[in-house]
Amino acid sequence: MNRKVLRLIKFIIFIIILAGVLGGGYYYLSTHYDIKNVFVEGNVHYTEKEIKEIVQEGPFGNNSLYLSYKYKNRAIKDLPFIEMMDVDVLSPDTVKITVYEKVLAGYIEYLGKYIYFDKDGIVSEVSTVRTEGIPEVIGVEFDYVVLHEQLPAENTDLFKSVLDMTQLMSKYGVDAQKIYFKDGGSIVLYQGDIIVKLGTQENIDIKVMNLPGILEKLKGEKGVLRMENYSEGTKKTTFERDKD
């Protein structure tokens with residue numbers, strides 16, 4: 001047997017062994033890290049099912065190692081409302097998907113669409129779907145909207161006030177559907193059948209902190225709750241009940 005034939009035989013044997021190793025490795029990775037359990041947290045705008053379908057799409061979408069690598073420190077650019085997602089491998093067949101959503105201050109209805117913006121008044125999303133948990137902001141006037149640019153409002157400080165207000169509402173569990181920023185700085189909340197007149201930003205933290213307890217006592221009522229002069233010292237409120 002000459003050297004060329006011997007080399008060819010060795011090369012073929014090497015290829016066979018390499019193919020076996022690679023095939024065995026692929027089989028191990030594809031079966032041992034096959035996902036059976038998925039936990040999702042941090043999602044608000046998307047359901048758990050939608051997040052799973054988004055993350056696990058593609059030919060290797062059911063492999064925990066692949067997904068962990070794919071979503072490591074990766075910003076999400078093609079999904080509305082989502083800043084980024086992480087996939088953590090809890091065990092070979094179990095992963096946890098953590099969703100980091102964009103921080104949105106509120107939304108404004110404009111030409112039949114919902115304009116979502118952040119604390120700086122930058123338009124984050126334009127959607128035909130209204131999302132629960134984000135209040136509608138009334139009292140902002142503008143003539144046009146450009147995605148990823150600031151809303152052309154006259155008072156740009158308003159957007160910081162909006163975020164401050166929504167953060168306080170989230171902190172103290174106030175689930176208002178609308179926030180009305182009136183001329184002069186007065187704030188009005190619409191929660192169910194009750195209109196809450198908070199007045200100006202003075203003592204606003206104290207007002208919002210105590211609001212859930214006051215609203216609990218007014219459950220089932222309809223009317224106007226006046227808290228313009230509420231403070232830690234006075235705790236002054238009046239309720240003007242609607243007359244049927």
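Two aromatic rings of Phe, Tyr or Trp form a pair if their centres lie within 6.5 Å; planes under 30 degrees apart make the pair stacked, planes over 60 make it edge-to-face, and the rest are tilted. The exercises below concern a predicted model.

**Exercise 1. The aromatic cluster**

Determine which residues are linked into a cluster by ring pairs, and classify the pair of F81 and Y116.

Solution.
- Step 1. A search of the whole structure yields 4 aromatic pairs.
- Step 2. For F81 and Y116, the ring centres are 5.1 Å apart and the planes stand at 90°, so this pair is edge-to-face.
- Step 3. The two partners come from distant parts of the chain, 35 residues apart: F81 belongs to the loop between α3 (64-70) and β2 (82-91), and Y116 to strand β5 (residues 113-117). Both F81 and Y116 are buried.
- Step 4. Y116 also pairs with Y107; here the centres are 5.6 Å apart and the angle between the planes is 45°, a tilted arrangement.
- Step 5. Buried means under 20% relative accessible area. Y107, at 3% relative accessibility, therefore counts as buried, and Y116 is buried with a value of 0%.
- Result. The cluster consists of F81, Y107, Y114 and Y116.

**Exercise 2. Strand β5 and its partners**

State which strands are joined to β5 by bridges, and explain why β5 is described as largely enclosed.

Solution.
- Step 1. Strand β4 (residues 106-110) is joined to β5 by 5 bridges, and the two run antiparallel. Within this pairing, E109 has Y114 of β5 as its bridge partner.
- Step 2. The hairpin of β4 and β5 has 2 residues between the strands, and L111 takes a positive phi near 55° there.
- Step 3. Strand β6 (residues 123-127) is joined to β5 by 4 bridges, again in an antiparallel manner. I115 stands opposite V126 in β6.
- Step 4. The hairpin of β5 and β6 has 5 residues between its strands, and G121 in the turn shows a positive phi of about 80°.
- Result. The partners described are β4 and β6. Because 4 of the 5 residues of β5 are buried, the strand is largely enclosed by the rest of the structure.

**Exercise 3. A three-stranded sheet**

Give the order of the strands in the open sheet of 3 strands, and explain why β1 and β2 each have one side without a neighbour.

Solution.
- Step 1. The order is β1-β3-β2, with mixed pairing.
- Step 2. β1 (37-41) and β2 stand at the edges with a single partner strand each, so one side of each lacks a neighbour in the sheet.
- Step 3. From one strand to the next, the twist averages 20°.
- Step 4. β2 and strand β3 (residues 94-101) run antiparallel and are joined by 8 bridges. One of the residues involved is V89, whose bridge partner in β3 is V95.

**Exercise 4. The nonpolar cores**

Identify which members of the largest nonpolar core touch the most other members, and which element gives the most residues to this core.

Solution.
- Step 1. In soluble globular proteins, nonpolar side chains tend to be buried together.
- Step 2. The largest nonpolar core holds 37 residues, of which M165, L189, V196, L198 and L225 touch the most other members.
- Step 3. At least two residues of this core come from each of β5, α4, β8 (178-181), β9 (187-191), β10 (194-199) and α5 (204-217). α4 gives the most, with 8 residues.
- Step 4. Beyond its close sequence neighbours, up to four places away, L198 touches M165, I187, L189, I204, K207, V208, M227 and E228.
- Step 5. Another core lies apart from the largest one; it has 23 residues, among them I35, V38, I54 and I82.

**Exercise 5. Two loop residues**

Decide for S231 and for E149 whether the residue is buried or partly exposed.

Solution.
- Step 1. S231 lies in the loop between β11 (223-226) and β12 (238-241), whereas E149 is in the loop between β7 (136-138) and α4 (157-172).
- Step 2. Partly exposed covers values between the limits of 20% and 50%.
- Step 3. S231 has a relative accessible area of 16% and is therefore buried. E149, at 44% relative accessibility, therefore counts as partly exposed.
- Step 4. The side chain of S231 makes a polar contact of 3.0 Å with the side chain of T234. Leaving aside residues up to four places away in sequence, S231 touches N203 and I206, while E149 touches G121, I122 and V123.

Conventions:
Residues are numbered from 1 along each chain as its sequence is written. This is a predicted model: local features need pLDDT of at least 70, side-chain atom pairs count only at pLDDT 80 or more; totals for chains, interfaces and linings use all residues. Side-chain values use heavy atoms; hydrogens and water are left out. Buried means under 20% relative accessible area, exposed over 50%, partly exposed in between (1.4 Å probe, protein chains only). Contact means heavy atoms within 4.5 Å. A polar contact is a pair of N or O atoms within 3.5 Å; within protein, one must be able to donate a hydrogen and the other to accept it, and residues adjacent in sequence count only if both atoms are side-chain atoms. Rings of Phe, Tyr and Trp (its six-membered ring) pair if their centres lie within 6.5 Å; planes under 30 degrees apart count as stacked, over 60 as edge-to-face and the rest as tilted. Two strands pair if DSSP finds at least two bridges between them. Axes are lines fitted to C-alpha atoms, for helices over the stretch in contact, and angles run from 0 to 180 degrees between N-to-C directions. A nonpolar core is a set of buried Ala, Val, Leu, Ile, Met, Phe, Trp, Tyr and Cys residues joined through side-chain atoms within 4.5 Å.
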